[in-house]
Amino acid sequence: MPFRLLISLGLVCVLLPLHHGAPGPDGTAPDPAHYRERVKAMFYHAYDSYLENAFPYDELRPLTCDGHDTWGSFSLTLIDALDTLLILGNTSEFQRVVEVLQDNVDFDIDVNASVFETNIRVVGGLLSAHLLSKKAGVEVEAGWPCSGPLLRMAEEAARKLLPAFQTPTGMPYGTVNLLHGVNPGETPVTCTAGIGTFIVEFATLSSLTGDPVFEDVARVALMRLWESRSDIGLVGNHIDVLTGKWVAQDAGIGAGVDSYFEYLVKGAILLQDKKLMAMFLEYNRAIRNYTHFDDWYLWVQMYKGTVSMPVFQSLEAYWPGLQVSLIGDIDNAMRTFLNYYTVWKQFGGLPEFYNIPQGYTVEKREGYPLRPELIESAMYLYRATGDPTLLELGRDAVESIEKISKVECGFATIKDLRDHKLDNRMESFFLAETVKYLYLLFHPNNFIHNNGSTFDSVMTPHGECILGAGGYIFNTEAHPIDPAALHCCRRLKEEQWEVEDLMREFYSLKESRSRARRKTMRSGPWEPPAEPGTLSSPENHDQPRGKQPAKQRTPLLSCPSQPFTSKLALLGQVFLDSS
């Protein structure tokens, strides 16, 4: 029996009250203006609750109205929400938060931090805010976007992550101590996404600062994963970064793997890199051959292609957005999206795991932490098709989250979608991603959706630079990166060589004339132009570039791999065959 029919047999709809702006009996689409204001109100209820009850901690605990540190003690929710403020049009609060972050965030702390989460949330959030600063009315320093306080903060945070990449394979550890580097005894087992989700942030950082080390380590990690794929073209879930041996061999598009595929595509577009796109397209063929069943994507054994887990994970809901917005596969994207939307309507949210044949949740994975992935796909699909069904998903998301999750101090994670029990946490991605994608779904004229009809021109030490023309690339935490910015702070090598040849010819001619006239025309020896990405303006020399310690050589760990038979590892938790 097809999976679609099995699900319809177990359908249990969550009935929610209809508000003004919801479709009426004639089936009219939700009113975007109405829901745009509803989403904005959701944001400020959560944001103000964080400021009043949780700052400077990382995240809000909405049931107890206090805060706690989760990913490293960075005031993480403030960093994650910063570019959302601008998208909602609040430039004054954006400006205030920029000052607060400069005064309060310190990366020289003895904290064990997730390399993956610090990159996507902190480095990505700071880079995005840096590139949007001028649009937000911040008085930027001379040399921007090639310099600036948020860029220096992003660079400092990224440098703290570099010791994790010092492994025999070039694939990073999952955790690093921000003060001491990789701890002795740190597990060498890292999820695939934790290895392959750096190229967007790190290539942007290299382009803006002129230091190639960031892009270099990100590319090496991507290539090591590519070289580790199975003979049938699949990658597993967790790998030993010391030996390159797969530990969890389940292949799919969801948790532990997801953003690796996402970053191959986004990296290819951002960097105009045909090789990265070719890698993704090869993976895409294998994924369709072995994991795709009736518009669902299952988990299979990476070497054999046999089904290991017929489950849908909520993190997989990004896939339709990737299909449509980045590779243009609208038909397949829409069919898969509608499957996922059916699950949403069954529970009023997406459970972390959903058993496809049974049409119900998986034990201990019944929660919904207000994830954005289905809404993200709806936004991309709506931009491509204009199908009002996608606005209906946005309406359902707003109604569900407000009905089930809203509490006095923000919005609480839903611990169990079956009975709507809540958990005492509001993840920072709720403000970075979920609310942002909802708002952009209902705001077709937002500057993020710019089609190139307007743009800003700025002068940099390397000449005129065009910014804000659209084509933003969202990192996996929904922080938009302006791809044009990558060309503002560097010249192509060929261009540099042409300039150097012209300069040598000019000075050679000048010297010949000076000898003819027996007169010195030069006050000092000529020096060749700086390397691409370095700044020569006096203003930039006066600006501190943050702490840049000498490159640390963290001793390589030699602890043996940890043998176990696994079914799947999710965010560090391994599910065993015997469980």
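**View 1. D295, a buried residue with a positive phi.** In this predicted model, D295 is buried, because its relative accessible area of 8% falls under the 20% cut-off. Follow the backbone here and you will find D295 in the loop between β9 (292-293) and β10 (296-297). Its phi is near 65°, a positive value in a residue other than glycine. Most residues other than glycine have a negative phi.

**View 2. H420, a partly exposed residue with a positive phi.** H420 sits in the loop between β18 (414-416) and β19 (421-422). Although H420 is not a glycine, its phi is positive, at about 65°. Is the residue buried, exposed or partly exposed? With a relative accessibility of 28%, H420 counts as partly exposed, because that value lies between the 20% and 50% cut-offs.

**View 3. The cis peptide bond before P56.** Here the bond to look at runs from F55 to P56: it is cis, and its omega is near 10°. P56 belongs to the loop between α2 (32-53) and β1 (59-61). As a reminder for your torsion checks, most peptide bonds are trans.

**View 4. The cis peptide bond before P145.** The peptide bond from W144 to P145 is cis, with an omega near 10°. For orientation, P145 lies in the loop between α5 (115-132) and α6 (149-161).

**View 5. Helix α14 and its surroundings.** How far apart are the end C-alpha atoms of α14? They are 18 Å apart, and this agrees with the expected span, because 13 residues (373-385) at 1.5 Å a residue should cover 18 Å. The buried residues of the helix are E373, L374, I375, E376, S377, A378, M379, Y380 and L381. Which elements do these buried residues pack against? Their helical partners are α10 (258-271), α12 (319-327), α13 (330-347), α15 (388-405) and α16 (429-441), and the strand β22 (473-474) joins them. Just past the helix, G386 takes a positive phi of about 70°.

**View 6. E477 and its contacts.** You will find E477 in the loop between β22 and β23 (480-481). E477 is buried, because its relative accessible area is 2%, under the 20% cut-off. What does E477 touch, once neighbours within four places in sequence are left aside? E477 is in contact with D80, I120, R121, S428, F429, A432 and E433.

Notes:
Residues are numbered from 1 along each chain as its sequence is written. This is a predicted model: local features need pLDDT of at least 70, side-chain atom pairs count only at pLDDT 80 or more; totals for chains, interfaces and linings use all residues. Side-chain values use heavy atoms; hydrogens and water are left out. Helices (H or I, at least four residues) and strands (E, at least two) are DSSP runs, numbered from the N terminus. The expected span of a helix is 1.5 Å times one less than its number of residues. Buried means under 20% relative accessible area, exposed over 50%, partly exposed in between (1.4 Å probe, protein chains only). Contact means heavy atoms within 4.5 Å.
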